[in-house]
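Here are a few exercises to work through with the model open beside you. Try each task before reading its solution.

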Amino acid sequence: MEAAIGAQKRVLFEHIDDPNLHNIDRAIELGAYKAWAKVLKEIKREDLVQLVKDSGLRGRGGAGFPTGLKWSFVPQNSPKPKYLCCNADESEPGTCKDRVLMENDPHNVIEGVLIAARAIDCHIAFFYIRGEYDLSMRRIEKAISDAYARGFLGKNILGSGYDLELVLHRGGGAYICGEETALLSSLEGEKGLSRIKPPFPAVSGLYACPTVVNNVETLANLPRIVMRGAQWYAAMGTPKSTGTRIFSVSGHVKKPGNYELELGTPLRTLIYDFAGGILDDKKLKAVIPGGSSVPVLLPDQLDTPLDFESVQAAGSMLGSGAVIVMHEETCMVWVAELLAHFYMHESCGKCTPCRQGTGWLYEIVHRIEHGQGKPEDLATLEDLAHNIEGNTICALGDASAVPVLTTLRHFKDEYVHHIEHKTCKVKSNFRLRS
Amino acid sequence: MILSQDTKLKISQAGTRYPKIRSAILPALHLAYEEHGFLNDQMYEQIAEVLGVKFIEVAEAASFYTMFPKAPRGRYLIQVCRNISCALMGSHHLTQYLLTKFGVKLGETTKDGLFTVVEVECLGSCCSAPMMQVNEKYFENLTQAKVDQLIAEWKAAK
């Protein structure tokens with residue numbers, strides 16, 4: 001992957017340019033596994049949970065839930081084994097940050113898994129990795145094998161008396177398995193269907209045992225927090241959104257890439273200073289700030305700080321930190337059609353509103369995009385989307401409604417033009433470059 | 001299709017890594033796919049036998065995941081990402097270019113058995129769009145010239 005990295009706030013990307021970082025010797029030279037040794041020798045489990053709570057670290061997978069708090073929900077008096085699952089099933093359109101970490105700095109990710117496992121007193125952890133990520137998988141597989149060989153995994157780790165096994169588990173190509181309960185179903189050998197919450201995984205997760213599911217980027221932060229302290233971490237970002245974030249910028253920008261910035265950095269700075277501005281110097285039309293399942297922001301919202309609260313206040317979500325940029329020649333009905341197809345394809349089929357509704361949404365938007373729309377279609381789309389929202393077990397149903405509702409809200413004129421004139425007023429035609 | 005003894009042994013070993021053996025179904029499907037390039041009922045039966053689970057448990061898991069084709073594909077399975085970041089950078093034209101070049105429709109295999117072109121949803125290479133996955137490998141920041149060069153190399157390797 002060609003990750004464009006300029007003058008950023010490098011925490012996770014501190015050594016990312018080192019071509020040998022994936023080798024354990026080089027990783028150790030640069031400090032890998034020091035935090036793990038410190039956790040085992042110097043930090044009590046309860047203090048580790050408190051340290052992460054104090055850092056303010058919030059999950060980087062999409063929901064932004066406080067990591068230390070999530071850990072603290074695991075009942076320590078349960079007679080059942082506790083499990084940790086690293087969610088490396090990155091599949092949200094626009095998102096490609098975890099892949100960079102796994103390919104280039106796998107030992108840092110593994111070290112984060114070990115620390116989180118210790119925090120919940122887990123002795124078997126799972127690394128659920130996206131099936132298509134071949135290079136990531138090979139790098140993580142080698143990193144796990146080398147970590148065992150050096151005594152960072154296995155029995156009586158570093159003489160501490162603590163045992164931990166780490167199992168790499170390859171997914172089969174299903175977006176829904178990035179949703180934590182679907183991930184657990186998949187890991188149990190079943191179809192990746194999401195489950196009703198409560199009970200939450202922290203109480204009844206994998207094999208009905210207490211389980212924590214944490215995202216790759218979330219876990220990658222842990223070694224630094226252990227070594228440099230909660231206050232150091234909390235001093236970055238904003239009071240409620242601490243630390244840095246890897247933003248994947250794609251679409252119509254001059255320098256697409258993964259950029260690590262402090263949370264709270266304005267969207268304008270990310271797009272224009274780091275990603276080089278709009279491709280071919282065209283006008284910006286819309287930005288999806290957190291992966292395909294969040295509402296678009298408009299050009300007059302470019303000064304929105306990229307932190308959880310500010311993006312929410314602007315009417316969208318920070319989500320997975322994937323920023324998708326679209327310029328003036330983008331037809332928003334076409335965008336809605338693309339994303340409606342995605343959610344139709346990826347619905348697990350468990351909930352009727354999602355199973356039936358996503359296909360119906362796609363059918364109508366497809367018809368409109370291809371000049372066969374009817375005036376009543378717009379009301380049907382809104383009604384349909386609202387009837388999927390909030391009526392499904394997991395967030396995929398809500399996500400499927402977002403592209404349709406957000407484009408209808410901001411670009412209704414384009415839908416109307418399609419229906420009235422049987423053609424597109426913008427006509428997206430992004431050719432393959434020669 | 002018969003799974004080799006080596007594959008069966010690996011499937012059996014995979015079963016020992018999990019607290020519950022059913023968790024080894026997905027690893028087993030990957031192992032069978034790696035050996036034959038597709039999956040069918042006969043393979044599900046053998047996986048079920050090795051793991052000591054039911055045929056239907058294997059079959060229903062296999063049916064859910066997109067990574068396991070149920071019929072042979074070309075030697076080079078070209079999967080073009082059709083999702084938003086790639087689409088904004090011309091992936092639909094990339095697909096059409098490949099189909100025209102090979103004279104096939106989506107999902108068809110060329111007569112020489114070399115190439116099958118399919119469209120897939122986001123492959124997590126959004127900052128390097130447009131991209132395609134060919135067998136296990138990602139090819140990113142594609143242009144027409146790059147695609148032409150790759151196809152020439154694959155044909156020469158025939």
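Two strands count as paired if DSSP finds at least two bridges between them. Keep in mind that this is a predicted model.

**Exercise 1. Work out how β7(A) and β8(A) pair, and which residue of β8(A) is the bridge partner of A:Val287.**

Solution. Start with the bridges: β7(A) and β8(A), the latter spanning residues 322–327, share four of them, and the sense is antiparallel. Next, look at A:Val287, whose bridge partner in β8(A) is A:Val325.

Now turn to β5(A), residues 244–251. It pairs with β8(A) in the parallel sense, again over four bridges. Here A:Val325 turns up as the bridge partner of A:Gly251.

**Exercise 2. Find the strand order of the open sheet in chain A and name its edge strands.**

Solution. The order is β6-β5-β8-β7, four strands with mixed pairing. The edges are β6 (257–262) and β7, each of which pairs on one side only. From one strand to the next, the twist averages 30°.

Then add the helix: α12(A), residues 267–274, lies across β5, β6, β7 and β8 of chain A and runs at about 135° to β6(A).

**Exercise 3. Is the strand β7(A) largely enclosed or open to the outside?**

Solution. Use the cut-off first: buried means under 20% relative accessible area. Five of the five residues of β7(A), 284–288, are buried, so the strand is largely enclosed by the rest of the structure.

**Exercise 4. Describe the surroundings of β1(B) and the directions in which its residues point.**

Solution. Six of the six residues of β1(B) are buried, so this strand too is largely enclosed by the rest of the structure. B:Tyr76, B:Ile78 and B:Val80 point one way, while B:Leu77, B:Gln79 and B:Cys81 point the other way.

For its neighbours, take β2(B) first: six bridges join it to β1(B), running parallel, and B:Gln79 has B:Val118 as its bridge partner there. With β3(B), residues 132–134, there are three bridges and the run is antiparallel. In β3(B), B:Val134 is the bridge partner of B:Ile78.

**Exercise 5. Characterise the second largest pocket: its volume, its lining and the elements that contribute.**

Solution. The pocket holds about 770 Å³ of space. It is lined by 37 residues, and those closest to its centre are B:Tyr33, B:Thr66, B:Met67, B:Leu77 and B:Gln79. Elements giving two or more residues are α14 (332–346) of chain A and, from chain B, α2 (25–36), β1 (76–81) and β2 (115–120). Finally, sort the lining by class: twelve nonpolar, 13 polar and twelve charged residues.

Notes:
Residues are numbered from 1 along each chain as its sequence is written. Chains are lettered from A and ligands numbered from 1 in the order in which they are written. This is a predicted model: local features need pLDDT of at least 70, side-chain atom pairs count only at pLDDT 80 or more; totals for chains, interfaces and linings use all residues. Side-chain values use heavy atoms; hydrogens and water are left out. Buried means under 20% relative accessible area, exposed over 50%, partly exposed in between (1.4 Å probe, protein chains only). Axes are lines fitted to C-alpha atoms, for helices over the stretch in contact, and angles run from 0 to 180 degrees between N-to-C directions. Contact means heavy atoms within 4.5 Å. On a 1 Å grid over the protein atoms alone, a cavity is a set of points where a 1.4 Å probe fits but cannot get out, and a pocket is an open set with protein on both sides within 12 Å along at least five of seven lines; lining residues have an atom within 4 Å of a point. Grid points are joined across faces, edges and corners, and a volume is the space filled by probe spheres set on the points. Ala, Val, Leu, Ile, Met, Phe, Trp, Tyr, Cys and Pro count as nonpolar, Asp, Glu, Lys and Arg as charged, and the others, Gly among them, as polar.
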